[in-house]
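Morning, everyone. Please have a look at the model on the screen, and then I'll walk you through it.

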Amino acid sequence: TFPLFLAWHTKEWRSIPPLQLTHHMGKLPSHFPLVEVKLAYNSRALFAVFRVQDQFVRAGTKSHQGPVYQDSCVEFFFTPESIKQQRYYNLEVNCSGKMLFHYQSKPRKSNSVSESSLNMIEIASTLPAVMEPEYTAPLTWLIAWRMPFEVLLEYPDFNKPQKGTTWHSNFYKCADKSSHPHWLTWTKVDSPKPDFHRPDCFGKLIFE
């Protein structure tokens, strides 16, 4: 198992190289936080830990399935190998650990993941439950989560990953309602306006 809280520096995570979000959407933002993410998995679940060297941090969403993208937020959009690429999941978590999780039958045709499945996902954050008013000083924060593959079984055509499985995905960082909004991506999204719902621009994740 992989520890959740402050997971970045533990021995289980130390050997896993991070992915970095180096692209942006829209105009070059005046605030471009350094965002890194590590992934791991076992037979039961997928694990992730994000580290964000940030500033102008806010978290006003007070419950799951709320508008977390308005806050300082990291996101994982993904299509498992066995699912057609126009279908995908979007798991979005703000800096305080509030989550929005949807299944998209096609871009922006979403269904909320059931409450029982949502409750299976474990999330840890280094920040308090609410960050209002906005914290304007430089701040590094971490989000870690454990998503059981069982959560995805409520939708059709899902098979658990194994060695050699390829998923298509993108990672994002946003803060729509902060004083310094930005829309960062792992793989480049060719769009003049910020739009994370672009499965045609997903990169590849290969399970080892």
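Let's start with the second largest pocket, at about 260 Å³. Lining it are 15 residues, and Y69, E92, R108, F196 and H197 sit closest to its centre. Three elements each give two or more residues to that lining: β6 (73–79), β7 (88–94) and β8 (99–104). By class, the lining holds seven nonpolar, three polar and five charged residues.

Before going on, the ground rules. This is a predicted model, with local features needing pLDDT of at least 70 and side-chain atom pairs counting only at pLDDT 80 or more, while totals for chains, interfaces and linings use all residues. Numbering runs from 1 along each chain as its sequence is written, and side-chain values use heavy atoms, leaving out hydrogens and water.

Now the terms. A pocket is an open set of points on a 1 Å grid over the protein atoms alone, where a 1.4 Å probe fits, with protein on both sides within 12 Å along at least five of seven lines; lining residues have an atom within 4 Å of a point. Volume is the space filled by probe spheres set on the points, which are joined across faces, edges and corners. Nonpolar covers Ala, Val, Leu, Ile, Met, Phe, Trp, Tyr, Cys and Pro; charged covers Asp, Glu, Lys and Arg; the others, Gly among them, are polar. Strands are DSSP runs of E, at least two residues, numbered from the N terminus.

Next, the largest pocket. Its space is about 420 Å³. Of its 13 lining residues, I16, L39, I206, F207 and E208 are closest to the centre. Strands β3 (34–41) and β15 (203–206) each supply at least two lining residues. Eleven of the lining residues are nonpolar, none polar and two charged.

On to β13. Eight of its nine residues are buried (under 20% relative accessible area, 1.4 Å probe, protein chains only). Strands pair if DSSP finds at least two bridges between them. β6 and β13 run antiparallel, joined by seven bridges. There, F77 has N170 as its bridge partner. Four bridges tie β13 to β15, also antiparallel. S169 stands opposite G203 in β15. Three more link β13 to β14 (residues 183–185), antiparallel again.

Last, H168. Where is it? In β13 (residues 166–174). Buried or exposed? H168 is partly exposed (between 20% and 50%), because its relative accessible area is 22%. Beyond four places in sequence, H168 is in contact (heavy atoms within 4.5 Å) with F77, F78, T79, Q85, F202, G203 and K204.
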